[in-house]
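Trainee: I am new to this one and would like to see it first. Can we go through it one question at a time?

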Amino acid sequence: MLSIDPSNQTERENYKLLIGSIIPRPIAFVTTLFKDGVLNGAPFSYFNIVSSDPPLISLSIQRSGGTAKDTARNIKTLGEFVVHIVDEDNVQQVNMTAAKLPPDQSEVQLAGFSPVDSVKITVPGIMEAKIRMECRLEQALEFDGNGENGCDFIIARVVQFHFQDHIYENGRIDPVGLRAVSRLAGHHYAKIGDIFAIERPE
């Protein structure tokens, strides 16, 4: 078996090993507000659940040249954002929002998404997502990289859930109806695929 010491590799080399190994990864499409009300949007696959009590989720937003990305800066400034689950119906539009735009230009507008008001926060979400979660910043940690990058690790509390009616029943989400997509390496994504059940031992 091949054994590699990450301290002997570049950031890009470690990046390729991580994103190729830790798959599939759920994708969060995140909307934030820049000054003057510009609605920014960007996808992130370093995303997961932290806790259900309290309901916490996490985002890791990689820096570029040591500089925080617009999403991280906006979250730390306003303390609010909306997370949407990326699915087969919106993944093409979400991919468009990965374009590098100045912070005063809206990726949401570029992709043709329809903003929708939130209930408990000031940041709008988008109508095209089957699931969206209104979030408030719980904690932000900054990690410096060995080179020039590093990341902003965001822990947020979900303060309101929104689900399209057809995927929600009796407190459960229908994974087939959601049609979520996940991130692999390179330009590759994955669909849900076959679903199987294994009972846990008591």
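Trainee: Which residue in β6 is the bridge partner of T31?

Mentor: Helices (H or I, at least four residues) and strands (E, at least two) are DSSP runs, numbered from the N terminus. Two strands pair if DSSP finds at least two bridges between them. Here 4 bridges join β2 to β6, and the two run antiparallel. In β6, the bridge partner of T31 is V82.

Trainee: What kind of model is this?

Mentor: Residues are numbered from 1 along each chain as its sequence is written, and side-chain values use heavy atoms, with hydrogens and water left out. Local features need pLDDT of at least 70, side-chain atom pairs count only at pLDDT 80 or more, and totals for chains, interfaces and linings use all residues, since the model is predicted.

Trainee: Which residue stands opposite F81 in β9?

Mentor: β6 has another partner here, β9. The two strands run antiparallel and share 5 bridges. Opposite F81 in β9 stands C135.

Trainee: How many of the residues of β6 are buried?

Mentor: Buried means under 20% relative accessible area, exposed over 50%, and partly exposed in between (1.4 Å probe, protein chains only). E80, V82 and H84 point one way from β6, while F81, V83 and I85 point the other way, and all are buried. The strand is therefore largely enclosed by the rest of the structure, and the buried count is 6 of the 6.

Trainee: Which residue in the turn of the β2 and β3 hairpin has a positive phi?

Mentor: β2 (residues 28–33) and β3 pair in the antiparallel sense over 6 bridges. One facing pair is L33 and L39, the latter in β3. The hairpin has 5 residues between its strands, and the turn residue with a positive phi, about 65 degrees, is D36.

Trainee: How many of the residues of β3 are buried?

Mentor: β3 covers residues 39–44. The strand is mostly covered, with a buried count of 5 of its 6 residues.

Trainee: Which strands and residues does T71 lean on? Let me put it properly: which residues is T71 in contact with, leaving aside its neighbours within four places in sequence?

Mentor: T71 lies in helix α2 (residues 70–78). T71 is buried, at a relative accessible area of 4%. Contact means heavy atoms within 4.5 Å. With those neighbours left aside, the contacts of T71 are V30, T32, A42, F44 and I61.

Trainee: Which strands do the buried residues of α2 pack against?

Mentor: The buried residues in α2 are D70, T71, A72, N74 and I75. They pack against β2, β3, β5, β6, β9 and β10.

Trainee: How far apart are the C-alpha atoms of G79 and A156?

Mentor: G79 is found in the loop between α2 and β6 (80–85). Its phi is positive, near 80 degrees. G79 touches N74, C135, R136 and L137, not counting residues up to four places away in sequence. G79 and A156 are 77 residues apart along the chain, and their C-alpha atoms are separated by 8.9 Å.

Trainee: What does the side chain of T97 reach at 2.5 Å?

Mentor: T97 lies in the loop between α3 (91–96) and α4 (107–111). T97 is buried, with a relative accessible area of 2%. Its touching residues include G41, A42 and P43, with residues up to four places away in sequence not counted. At 2.5 Å, its side chain reaches the backbone oxygen of V94.

Trainee: Which strands stand at the edges of the sheet β1-β13-β14?

Mentor: The 3 strands form an open sheet in that order, with antiparallel pairing. One side of each edge strand is left without a neighbour in the sheet, because each has a single partner strand; these are β1 (25–26) and β14 (189–190).

Trainee: Which residue in β14 stands opposite R183?

Mentor: Strand β13 (residues 182–183) is joined to β14 by 2 bridges, and they run antiparallel. The residue opposite R183 is Y189.

Terms used: A polar contact is a pair of N or O atoms within 3.5 Å; within protein, one must be able to donate a hydrogen and the other to accept it, and residues adjacent in sequence count only if both atoms are side-chain atoms.
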